[in-house]
Amino acid sequence: MDEPLPPAPSPKRRGGAASPPRLGEGLGEGFSADQIVSHLVALAFAADEPLDLADAARVLGARRAAVETAARLLIERPPLGLIVQRVGGRLQLASAPASADYVRRLRGLDTQARLSRSALEVLAVVAYRQPVTRAEIESIRGANGDRALATLLNRQLIEEVGRKGSVGRPVLFGTTMAFLEHLGLRSLEDLPSPPSPSEQPGHQSV
């Protein structure tokens with residue numbers, strides 16, 4: 001009877017050591033969405049700022065479409081005690097609303113500074129109409145919004161997102177990740193339905 005053939009030797013590098021797998025090898029067609037999800041959690045946890053999905057795809061050596069699928073799964077099934085917030089192509093981990101009060105206690109932030117009524121009105125206009133200019137905000141509210149805009153910018157609840165292609169190229173404002181954290185939302189899609197015209201800031205009954 002013929003003797004069984006010995007197993008083929010492992011590929012060797014120069015010097016006799018086995019070749020290590022390349023960074024990101026296999027993170028494409030043969031890499032499961034759940035595996036990419038776990039890596040996204042680790043990257044978002046380690047990142048100093050919201051994680052750009054294009055950067056995540058580059059780091060993992062994965063296709064962008066696969067990372068997008070994993071991001072959707074992560075948003076739908078976040079780790080316990082957390083939510084995943086997304087703005088455009090960036091996402092971050094944040095405390096779930098049910099745990100937020102305890103996190104604030106841990107950080108010594110039991111009393112959260114409240115926004116004024118005017119700031120809340122401006123924030124609502126930006127949230128539902130973004131991107132929106134200062135003049136458009138003031139037109140909707142029927143009042144000057146300089147101080148409220150300054151407050152919201154300082155609190156990083158809104159930010160400049162570009163300029164409108166009209167005379168003077170006025171600044172356009174939009175909401176930020178901090179806005180999502182403030183309201184405990186995953187994305188802008190979680191905002192409630194916009195108020196009716198009679199309920200909007202600045203509306204006056206005839």
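Of the 206 residues in this protein, 31% are buried, where buried means under 20% relative accessible area, exposed over 50%, and partly exposed in between (1.4 Å probe, protein chains only). The model is predicted, so local features need pLDDT of at least 70 and side-chain atom pairs count only at pLDDT 80 or more, while totals for chains, interfaces and linings use all residues. Residues are numbered from 1 along each chain as its sequence is written, and side-chain values use heavy atoms, with hydrogens and water left out.

## The overall picture

The protein has eight helices and six strands. Here helices (H or I, at least four residues) and strands (E, at least two) are DSSP runs, numbered from the N terminus. From start to end, the elements come in the order α-β-α-α-β-β-α-α-β-α-α-β-β-α.

The accessible surface is about 13,800 Å², and carbon and sulfur atoms hold 52% of that; these areas come from the Shrake-Rupley method with a 1.4 Å probe, and for residues only the protein chains shown count as cover. Taking contacts between residues at least 6 apart in sequence, 51% join residues at least 24 apart. A contact means heavy atoms within 4.5 Å.

## The sheet of S4, S6 and S5

Let us start with an open sheet of three strands, ordered S4-S6-S5 and paired antiparallel. Two strands pair if DSSP finds at least two bridges between them. Strand S4 (132–133) and strand S5 (158–163) are the edge strands, each with a single partner, so one side of each has no neighbour in the sheet.

S5 is joined to strand S6 (residues 171–175) by five bridges, and within this pair arginine 163 has valine 171 of S6 as its bridge partner. On the S4 side, two bridges link S4 to S6, with threonine 133 standing opposite leucine 172 of S6.

How many of the five residues of S6 are buried? Five of the five are, so S6 is largely enclosed by the rest of the structure. In a regular strand, side chains alternate between the two faces of the sheet. In S6, Val171, Phe173 and Thr175 are on one side and Leu172 and Gly174 on the other, and all are buried.

## Helix H5 and its partners

Helix H5 packs on this sheet and touches S4, S5 and S6, its direction making about 95 degrees with that of S6. Axes are lines fitted to C-alpha atoms, for helices over the stretch in contact, and angles run from 0 to 180 degrees between N-to-C directions.

H5 (residues 117–129) also packs with helix H6 (residues 134–141), at an angle of about 115 degrees and with the axes 10 Å apart. Ser118, Glu121, Val122, Val125, Val126 and Arg129 of H5 make this contact with Ile137, Ile140 and Arg141 of H6. By class, the contact has five nonpolar, one polar and three charged residues. For these classes, Ala, Val, Leu, Ile, Met, Phe, Trp, Tyr, Cys and Pro count as nonpolar, Asp, Glu, Lys and Arg as charged, and the others, Gly among them, as polar.

In the loop between H5 and S4 you will find proline 131. A cis peptide bond joins glutamine 130 to proline 131, with omega about -5 degrees.

## Strands S1, S2 and S3

Strand S2 (residues 82–87) and strand S3 (residues 90–95) pair antiparallel over six bridges. Leucine 82 is opposite serine 95 of S3, and valine 84 is opposite leucine 93. The S2 and S3 hairpin has two residues between the strands, and glycine 88 there takes a positive phi near 60 degrees.

S3 is also joined antiparallel to strand S1 (residues 51–52), by two bridges. In that pair leucine 51 stands opposite leucine 91 of S3.

## Some single residues

Three residues outside the helices and strands are worth a look.

| Residue | Location | Relative accessibility |
|---|---|---|
| Glutamine 156 | loop between helix H7 (146–154) and S5 | 54%, exposed |
| Arginine 169 | loop between S5 and S6 | 46%, partly exposed |
| Serine 187 | segment after helix H8 (177–183) | 16%, buried |

Glutamine 156 has phi near 60 degrees, a positive value in a residue other than glycine. Arginine 169 also has a positive phi, near 45 degrees. Serine 187, leaving aside neighbours within four places in sequence, is in contact with Arg86 and Leu180.
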